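Here is a friendly tour of a protein structure for anyone meeting one early on. Have a look at the sequence and the 3D view, then read on.

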Amino acid sequence: MTVSGSGTPANPYVISADSPDCSVIRPCISAGNGATYNSGTGIVAARVSTDPGNIVTFGGDGGLYAETDCTTVRQCLSEGDGIDYNPATGVISARASTDPGNNVTFGGDGGLFVPTGAATVSVDCGLDGDGSAGDPLVVRTGTWPFPCPLDANAGQTYCDSTGVLRSEPRGMAAFQQDQQILNFANVAVPAAQDTPVTTHDLNIINPDPCRPAFVMIEGEVDADFNLPANSGAALGISTDEMSYHANNGATTILDIHTQGTKVVNATIPAGGALLFSLSITMGRGSGGATYNRIQSFLRAFVFVL
Amino acid sequence: MAEQIYYRQADGALVARTASGTDPIKPEPPHGAVLIEKAEYDKALQRIERDRETHRNTVRAEESAQLHEDYEALLAAGVAEATARRLTGFPARA
């Protein structure tokens, strides 16, 4: 390496080197694994192992060359579930089970194929068809026999938490009765018309937690009067005077009684109750008329349909 | 199966209540009523029935006596016996 010039713009430094001396450099290099090196010529080449079984050689072009030995490689593979393997040819294929009822086949293009509707089933009550494409499963139903439109009037079916088909709630009917007997010493019949003398209550239960109940309520009242000569007494329910008795004879009528009945309807919300109160009235008491017994029935006919 | 309760009301009435039906519910006594046992109810009812019967007998006896008096008065006034009997109803027909 030489340096010339003075370092001025007119005469700058020039650094130059001569060609390297290979004989000096070559001893600086040595061969490692997989390589050969000739320090005399400076030629570096790949080194092929001489161990038995090594398939790496030098090809015709002088490059490294390894030929795959399929026979050897194929022995390294084996077939597992769902696989068909031919170690002689090395062909790997899917394997369809030969168990009866298997619907997996090979399609025309050689791929796995399950034909539509191939999974047929046996059906029992309530179902028709076998699930094939030509005979799909359908629910077996009756023919709507009513003159009204099905869509607007039919009920529905539902699946419960266990997967069982269920219909709409079952119809219910219930009956409640309460009898009340009041015994008195002889009590004067009030003079004012429709005077409440007692009540009779019935707590009516709707047993259905789902739907409102239609209720028919019957109230029946019977009172025993003692009517001296020239007396009178009336019996009623609420503001309806339902009977009046007068004694125009010469002697007392003892324990005369009349039974009156009224029927009303009501609706009770789902799961609810209705406290029905019957007001029993008397009036037009005169001439020393008295009563000594009031018997009443309340009957509730509950329907949930 | 029936549900029964017995009580006395504040107005003195002696009451028996019986609930029946598909699923009878025990009745509730009205406000102010006092529940009593069936034995007490039966005893009190017997007393009431006895009082009623006594009252009936008293009324019948008094009115029968009055009718008899009227009947005798009519006879004394010269009214025919059949007419007096028809007018007064005395003696009462069995």
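## Around one residue in the core

Leaving out residues up to four places away in sequence, A:Ile204 touches A:Gln176, A:Val215, A:Ile268, A:Ala273, A:Leu274, A:Phe276, A:Ala300 and A:Val302. Two residues are in contact if their C-beta atoms, placed from the backbone, lie within 7 Å. This is a predicted model, in which local features need pLDDT of at least 70 and side-chain atom pairs count only at pLDDT 80 or more, while totals for chains, interfaces and linings use all residues. Residues are numbered from 1 along each chain as its sequence is written, and chains are lettered from A and ligands numbered from 1 in the order in which they are written.

A:Ile204 is among the residues with the most contacts inside the largest nonpolar core, together with A:Ala233 and A:Tyr291. That core has 36 residues. A nonpolar core is a set of buried Ala, Val, Leu, Ile, Met, Phe, Trp, Tyr and Cys residues joined through C-beta atoms within 7 Å. A residue is buried if 20 or more other C-beta atoms lie within 10 Å of its own, exposed if 12 or fewer, and partly exposed in between, with C-beta atoms placed from the backbone. Strands supplying at least two core residues each include β18 (231–237) of chain A and β2 of chain B. Helices (H or I, at least four residues) and strands (E, at least two) are DSSP runs, numbered from the N terminus.

## A sheet made by both chains

Which strands form the open sheet, and in what order? There are seven, running β20(A)-β17(A)-β22(A)-β15(A)-β2(B)-β1(B)-β3(B), with antiparallel pairing. Its edge strands, β20 (253–268) of chain A and β3 (34–36) of chain B, each pair on one side only. Two strands pair if DSSP finds at least two bridges between them.

Here are two of the pairings made by β15(A), each with a residue that stands opposite A:Leu182.

| Partner of β15(A) | Bridges | Sense | Opposite A:Leu182 |
|---|---|---|---|
| β2(B) | Eight bridges | antiparallel | B:Val15 |
| β22(A) | 14 bridges | antiparallel | A:Ile294 |

Where the chains meet, 19 residues of chain A are in contact with 22 residues of chain B. The largest share of chain A's side, 13 residues, comes from β15(A). The residues on that side divide into eight nonpolar, ten polar and one charged. Here Ala, Val, Leu, Ile, Met, Phe, Trp, Tyr, Cys and Pro count as nonpolar, Asp, Glu, Lys and Arg as charged, and the others, Gly among them, as polar.

## A helix and a loop

Helix α1 (residues 38–76) of chain B lies across β15, β20 and β22 of chain A and β1, β2 and β3 of chain B. Its 39 residues should span 57 Å at 1.5 Å a residue (the expected span is 1.5 Å times one less than the number of residues), and the end C-alpha atoms are 56 Å apart, which agrees. After α1(B) comes B:Gly78, whose phi is positive, near 90°.

Back in chain A, the loop between β16 and β17 holds A:Pro212. Is A:Pro212 buried or partly exposed? A:Pro212 counts as partly exposed because it has 14 C-beta neighbours inside 10 Å. Its C-alpha atom and that of A:Thr267 are separated by 6.6 Å, although the two residues are 55 residues apart along the chain.

Technical notes: Axes fitted to C-alpha atoms, helices over the stretch in contact; angles between N-to-C directions.
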